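Trainee: I should like to work through this protein with you. May we consider its confidence, its charged pairs and its surface in turn?

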Amino acid sequence: MNLSIKNVPDEVVQRLRQRAARRHRSLQGELLAIIEEAVRSQRELSPAELLAEVRRLGLRTPADSADIVRADRDRR
């Protein structure tokens, strides 16, 4: 099956091309990898990945964490 995305801003296309180049992929290969990752079943994070995610989100208190968990549950 072929998919098409119309009206993609030039800046987005450029960033996708750069991302693909960093991963030694074609633009099409990078887009497919992004889509596959997006629809892949959620997996549990390792402790190191969890810590990195907490730091990335800038969580400081348990209340912050509860808000994130609640938002995740509401999305399902």
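**Reading the predicted model**

Trainee: L3 is a convenient starting point; in which segment is L3 placed?
Mentor: The model is a predicted one. Helix α1 covers residues 10-22, and L3 comes in the segment before α1.

Trainee: Is L3 buried or exposed?
Mentor: A residue counts as exposed when its relative accessible area is over 50%. The relative accessible area of L3 is 68%, and therefore L3 is exposed.

Trainee: What accessible area does the nonpolar surface patch that includes L3 have?
Mentor: L3 joins M1, I35 and V39 in a nonpolar patch on the surface. Taken together, these four residues have an accessible area of about 540 Å².

Trainee: Which helix has the lowest confidence?
Mentor: The protein has an average pLDDT of 87, and 99% of the residues score at least 70. Confidence is highest in α1, at 96. The lowest mean, 78, belongs to residues 62-75, which form helix α4.

Trainee: How many salt bridges are found in the whole structure?
Mentor: In general, side chains of opposite charge can pair when their charged atoms come close. One such pair here is E11 with R15, whose closest N and O atoms are 2.6 Å apart. The search of the whole structure gives a total of five.

Trainee: Why are E11 and R15 separated by about one helical turn?
Mentor: Both residues belong to helix α1. The separation is about one helical turn because E11 and R15 are four residues apart in that helix.

Trainee: Which residue of this pair is exposed, E11 or R15?
Mentor: R15 has a relative accessibility of 46%, so R15 counts as partly exposed. With a relative accessible area of 55%, the exposed residue is E11.

Trainee: Which residues are linked with E30 in a network of salt bridges?
Mentor: E30 forms a salt bridge with R23, where the closest N and O atoms are 3.8 Å apart. E30 also forms one with R25, where the corresponding separation is 2.7 Å. The network links E30 with R19, R23 and R25.

Trainee: Is E30 buried or exposed?
Mentor: Two partners of E30 are partly exposed: R23 has a relative accessibility of 38%, and R25 has a relative accessible area of 38%. Buried means under 20% relative accessible area. The value for E30 is 0%, and therefore E30 is buried.

Trainee: Where is H24, a residue with positive phi, placed?
Mentor: Phi of H24 is near 55 degrees, a positive value in a residue other than glycine. H24 is exposed, with a relative accessible area of 75%. Its place is the loop between α1 and α2.

Trainee: What is the phi value of N7?
Mentor: N7 lies in the segment before α1, and at 77% relative accessibility it counts as exposed. N7 is a residue other than glycine with positive phi, and the angle is near 60 degrees.

Trainee: What distance separates the C-alpha atoms of Q14 and L27?
Mentor: Q14 is part of helix α1 and is partly exposed, at 42% relative accessibility. Along the chain, Q14 and L27 are 13 residues apart. Their C-alpha atoms are separated by 10.0 Å.

Trainee: How far apart in space are V54 and R75?
Mentor: V54 is in helix α3, which covers residues 47-57, and is partly exposed, at 29% relative accessibility. V54 and R75 are 21 residues apart in sequence. From C-alpha to C-alpha, the spatial distance is 19 Å.

Trainee: Which residues are closest to the centre of the largest pocket?
Mentor: The largest pocket holds about 890 Å³ of space. Its lining is made by 22 residues. Those closest to the centre are Q42, R43, L45, E53 and D72.

Trainee: Which helices each supply at least two residues of that lining?
Mentor: The lining of the largest pocket draws on several helices, among them α2, which covers 27-39. The helices that each supply at least two lining residues are α2, α3 and α4.

Notes:
Residues numbered from 1 in each chain as written. Predicted model: local features only at pLDDT ≥ 70, side-chain atom pairs only at ≥ 80, totals over all residues. Heavy atoms only, no water. Buried < 20%, exposed > 50% of the residue type's maximum accessible area, 1.4 Å probe, protein only. Patch = residues over 30% accessible without salt bridge, like charges linked within 9 Å, V, L, I, M, F, W, Y side chains within 5 Å. Areas by Shrake-Rupley, 256 points an atom, 1.4 Å probe, with all protein chains shown as cover. Salt bridge = Lys/Arg side-chain N within 4 Å of Asp/Glu carboxyl O. pLDDT = per-residue confidence, 0-100. 1 Å grid on protein atoms, 1.4 Å probe; cavity = no way out; pocket = protein on both sides within 12 Å on 5 of 7 lines; lining within 4 Å. Points joined across faces, edges and corners; volume = space filled by probe spheres on them.
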